[in-house]
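Q: I'd like a close look at one helix in this model and at what surrounds it. Could you walk me through that part and then carry on outward into the rest of the fold?

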Amino acid sequence: EEVAQFEAYHPIGSKARLALSLLLYTGQRRSDVVRMGPQHVKDGYLNFTQEKNKARKPVKLSLPILPELQHVLDQTDTGHLSFLVTQHGRPFTANGFGNWFRKQCDAAGLKHCSAHGLRKAGAAIAAENGATERQLMAMFGWSTLKEASRYTRSARQKILATAGMQHLSRHRNEPKG
């Protein structure tokens, strides 16, 4: 619902909508999204090294560009080396982007939302749609099962509860008709 509200306020073609799409459809941190650009795209994949722990323990990812993201990229003016650029045509810093995105959320009436919240939302959506822990690790660049299991455990609870709740119904075994 919050994503839909943001999208209704920020149409395709706007920098804010591009930012949302990059965050949501890649599942990456703001420090990675601000560095993504056309040079990272090859054969329908975004290929990059995550910024976090880059010097100590680099994590290289190849993520397919989902049709939803490609559509927004095709409809939006972007920078030459970075998809997202400031009003002065320069790439955002991670903190500058976080502050700017916060303002875009506020403008859409979403005062409690943030860039990091979209990473969490993406993980939850993927888990609820059946992504395994290993798939989440590959998508989000996590090196241990700990983070992935947090999302799959929550998703499994919801799915199992939905399937199991029928067993509480008094009308479960009554004939239909």
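A: In this predicted model, the buried residues of H4 pack against helix H2 (15-26) and strand E2 (45-49). Those buried residues are Leu69, Val72 and Leu73, in a helix that runs over residues 67-74. They sit on the same side of H4, because they cover an arc of only 100° around the axis. The general rule behind such a pattern is that an α-helix has 3.6 residues a turn, so residues three or four places apart point the same way. Turn to the face of H4 that looks away from the buried side, and you find the exposed residues Pro67 and Asp74.

Just past this helix comes a residue worth a pause. Thr76 lies in the loop between H4 and H5, yet at 8% relative accessibility Thr76 counts as buried, since the cut-off is under 20%. A polar atom of the Thr76 side chain lies 2.6 Å from the backbone oxygen of Val72, and Val72 is one of the buried residues of H4. Leaving aside residues up to four places away in sequence, Thr76 touches Gly13, Ser14 and Leu18.

Now to the strand side of the helix. E2, one of the elements H4 packs against, belongs to an open sheet of 3 strands in the order E1-E2-E3, with antiparallel pairing. Strand E1 (41-42) and strand E3 (60-64) stand at the edges with a single partner strand each, so one side of each has no neighbour in the sheet. E2 and E3 are joined in the antiparallel sense over 5 bridges. If you want to find the register on screen, pair Asn47 with Ser62 of E3, and Tyr45 with Pro64 of E3. E3 also has two faces: Leu61 and Leu63 make up the covered one, while Lys60, Ser62 and Pro64 make up the uncovered one. Ser62 and Pro64, the bridge partners just named, are thus both on the uncovered face.

The loops that link these strands hold two residues with backbone angles to look at. Asp43 is placed in the loop between E1 and E2; its phi is near 50°, a positive value in a residue other than glycine. Asp43 is exposed, with a relative accessible area of 70%. Asn53 lies in the loop between E2 and E3, and its phi is also positive, near 60°, again in a residue other than glycine. Asn53 is partly exposed, at a relative accessible area of 34%.

The other neighbour of H4, helix H2, leads to another part of the fold. H2 is among the elements that cover the buried residues of H6, along with helix H1 (2-9), helix H3 (30-33), helix H5 (94-107), helix H7 (133-140) and helix H8 (145-164). The buried residues of H6 are Ala115, Leu118, Arg119, Gly122, Ala123, Ala126 and Ala127; note that an arginine is in that list. The length of H6 can be checked too: at 1.5 Å a residue, its 14 residues (115-128) should span 20 Å, and its end C-alpha atoms are 20 Å apart, which agrees. After H6 comes Gly130, with a positive phi near 105°.

H8 takes us to the last stop. For its 20 residues, 1.5 Å a residue gives an expected span of 28 Å; the end C-alpha atoms are 26 Å apart, which agrees. Ala148, Ser149, Tyr151, Thr152 and Ala155 are buried in H8. These residues fall within an arc of 165° when seen down the axis, so they line one face of the helix. What covers them includes H6 and H7. On the other side of H8, Lys146, Arg153, Gln157 and Leu160 are exposed.

A word on the cysteines, in case you were wondering. The whole structure has 0 disulfides. Cys105 is in none, and its nearest cysteine sulfur, that of Cys113, is 5.5 Å away; a disulfide would need the two sulfur atoms within 2.5 Å. Both residues are buried: Cys105 has a relative accessible area of 2%, and Cys113 has one of 13%.

Key: Residues numbered from 1 in each chain as written. Predicted model: local features only at pLDDT ≥ 70, side-chain atom pairs only at ≥ 80, totals over all residues. Heavy atoms only, no water. Buried < 20%, exposed > 50% of the residue type's maximum accessible area, 1.4 Å probe, protein only. Helix = DSSP H or I, 4+ residues; strand = E, 2+ residues; numbered from the N terminus. Arc of directions from axis to C-beta. Contact = heavy atoms within 4.5 Å. Pairing = 2+ DSSP bridges. Expected span 1.5 Å × (residues − 1). Polar contact = N/O pair within 3.5 Å; in protein donor to acceptor, adjacent residues only side chain to side chain.
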